[in-house]
Amino acid sequence: VFQLAENLEVALVGIGPGEKKWRSYEKAFETLARTFEPIPIEGAGKTSAPAGTDPRSLKRAKLEAEMARTPGWRMIETENYFLVSNSTDEEFLTELQERLEGIRKIFLVDYPPDKARRVLPDKKKDPESTEKGAKETHDAERTVALVNPLAASRTSVVRVCSNVEQYVQYGGSPKSPGYWYAAAEELVLFDDQAGGGRADTWVVLNHEAFHQYIFYFYGNLSPHSWYNEGTGDFYSGYEYEHRRFELTENPWRIRNIQEMLRQGVASRDKKNFGYGPLKELVRWTQPQYYDEPEGANPYGIPGHRVYAQGWSLIYFLRTGAKNKAKDWNPAWGSILERYLETLATTGDLDKSVDEAFEGVDWAELEQSWKDYIL
């Protein structure tokens, strides 16, 4: 154990075979420990005063201090984002900046700041956060509205790791190249060229950037997963060409949901991977939506396929009228707005579904949705 400062101790822990073999390992660890010494970093501990008291100036000063303590890392500013990275891939970082600002313009149209809502704290925990098996990330995704949400949203931080190993050290899953870490208010990602490819990185970026964006605009809000994750996947369908975004179908979801629809309603007994009835899907808890633990949802549909269904419902409700979906009912066009408005003003998940789908003929809605997606 090394006492580096009054309030800082560092312990070196060695792991090796036990019993008789341990003695030789212990000597090796002791030898390593004797080489341990602090290395002074020039400029460490020096901080510059913020240029102003606005949220962006305060965040800039905080990040500058962090960069001074972290050799190899640097900060890049865009109009609305701070990128912190130790990546040396300038082409990737340049395109990342363009994409972040571009997709934010789409968010601003669909979720304008003047519609931001502040919800009084609900003393009762919502069903999703108390459901046994709910992920910690669900509570972490709760949004927090600040005094000036638009100004606060311009302090968004994107941490770009140089490789997957470093990304995992920051808490990311090797199965995905990016995630939104609400506790630190950072979107963390890396360039997954060696894994799923850079195209996968861009798909995930749009999804997680949506979660980051609305974090600053809606207070104490935790929507059902079909809305929250389905909307993130909706924005993942935007493709960036000629420096502008155009909406397309989500490449990760469209084939899955079409296969599910062809199989019909899922059956746990038959072990088919069909779909869940929409009337039930819109009330599923997060564990049911994720199917974690396995078998959590009543039809045994794997989580990635439920994600596909959630995306397809959002895609249908957002584009069905414009694309003249068969048997489209104009009343369906306000479902998403009513859902969010009710949730933002009441914090009641069940009431939000009741209000959003009031008067809806579920059979008609489901048939039109199936025809449209197929």
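Helices, as the word is used here, are DSSP runs of H or I with at least four residues, and they are numbered from the N terminus. The model described is a predicted one.

**A charged surface patch**

Asp327 sits in the loop that runs between α13 (303-319) and α14 (335-346). Its relative accessibility is 58%, and because exposed means over 50%, Asp327 counts as exposed. On the surface, Asp327 belongs to a patch of negative charge, together with Asp361, Glu364 and Asp371.

**Salt bridges**

The count of salt bridges comes to 15. Three of them are described here, with the distance given between N and O atoms.

| Salt bridge | N to O distance |
|---|---|
| Glu95 and Arg99 | 2.9 Å |
| Arg243 and Glu98 | 3.6 Å |
| Asp191 and Arg198 | 2.6 Å |

Glu95 and Arg99 are both part of helix α3 (residues 90-110), where four residues, about one turn of the helix, set them apart. Arg99 has a relative accessibility of 8% and so counts as buried.

What does the salt bridge between Arg243 and Glu98 tie together? Arg243 lies in the loop between β8 (238-241) and β9 (244-247), while Glu98 lies in helix α3, so the pair ties together parts that are 145 residues apart in sequence. Arg243 is exposed, at 66% relative accessibility, whereas Glu98 is partly exposed, with a relative accessible area of 26%.

In the salt bridge between Asp191 and Arg198, both residues are buried. Asp191 and Arg198 are also joined with Asp89 and Glu91 in one network, through salt bridges that share partners.

**Ser85 and its surroundings**

Is Ser85 in strand β4 buried or exposed? Strand β4 covers residues 81-85 and includes Ser85. Ser85 has a relative accessible area of 1%; buried means under 20%, so Ser85 is buried.

Leaving aside residues up to four places away in sequence, Ser85 touches Gly72, Trp73, Arg74, Leu93 and Val160. Ser162 is 77 residues from Ser85 along the chain, yet the C-alpha atoms of the two are separated by 7.4 Å.

**Summary of exposure**

Among the residues discussed, Asp327 and Arg243 are exposed, and Glu98 is partly exposed. Arg99 is buried, as are Asp191 and Arg198 and Ser85.

Technical notes. Residues are numbered from 1 along each chain as its sequence is written. This is a predicted model: local features need pLDDT of at least 70, side-chain atom pairs count only at pLDDT 80 or more; totals for chains, interfaces and linings use all residues. Side-chain values use heavy atoms; hydrogens and water are left out. Patches are made of residues with over 30% relative accessible area and no salt bridge: like charges are joined within 9 Å, nonpolar side chains (Val, Leu, Ile, Met, Phe, Trp, Tyr) within 5 Å. Accessible areas come from the Shrake-Rupley method with a 1.4 Å probe; for residues, only the protein chains shown count as cover. A salt bridge is a side-chain nitrogen of Lys or Arg within 4 Å of a carboxyl oxygen of Asp or Glu. Lys and Arg count as positive and Asp and Glu as negative; His and the chain ends are not counted. The place of a charge is taken as NZ of Lys, CZ of Arg, CG of Asp or CD of Glu. Helices (H or I, at least four residues) and strands (E, at least two) are DSSP runs, numbered from the N terminus. Buried means under 20% relative accessible area, exposed over 50%, partly exposed in between (1.4 Å probe, protein chains only). Contact means heavy atoms within 4.5 Å.
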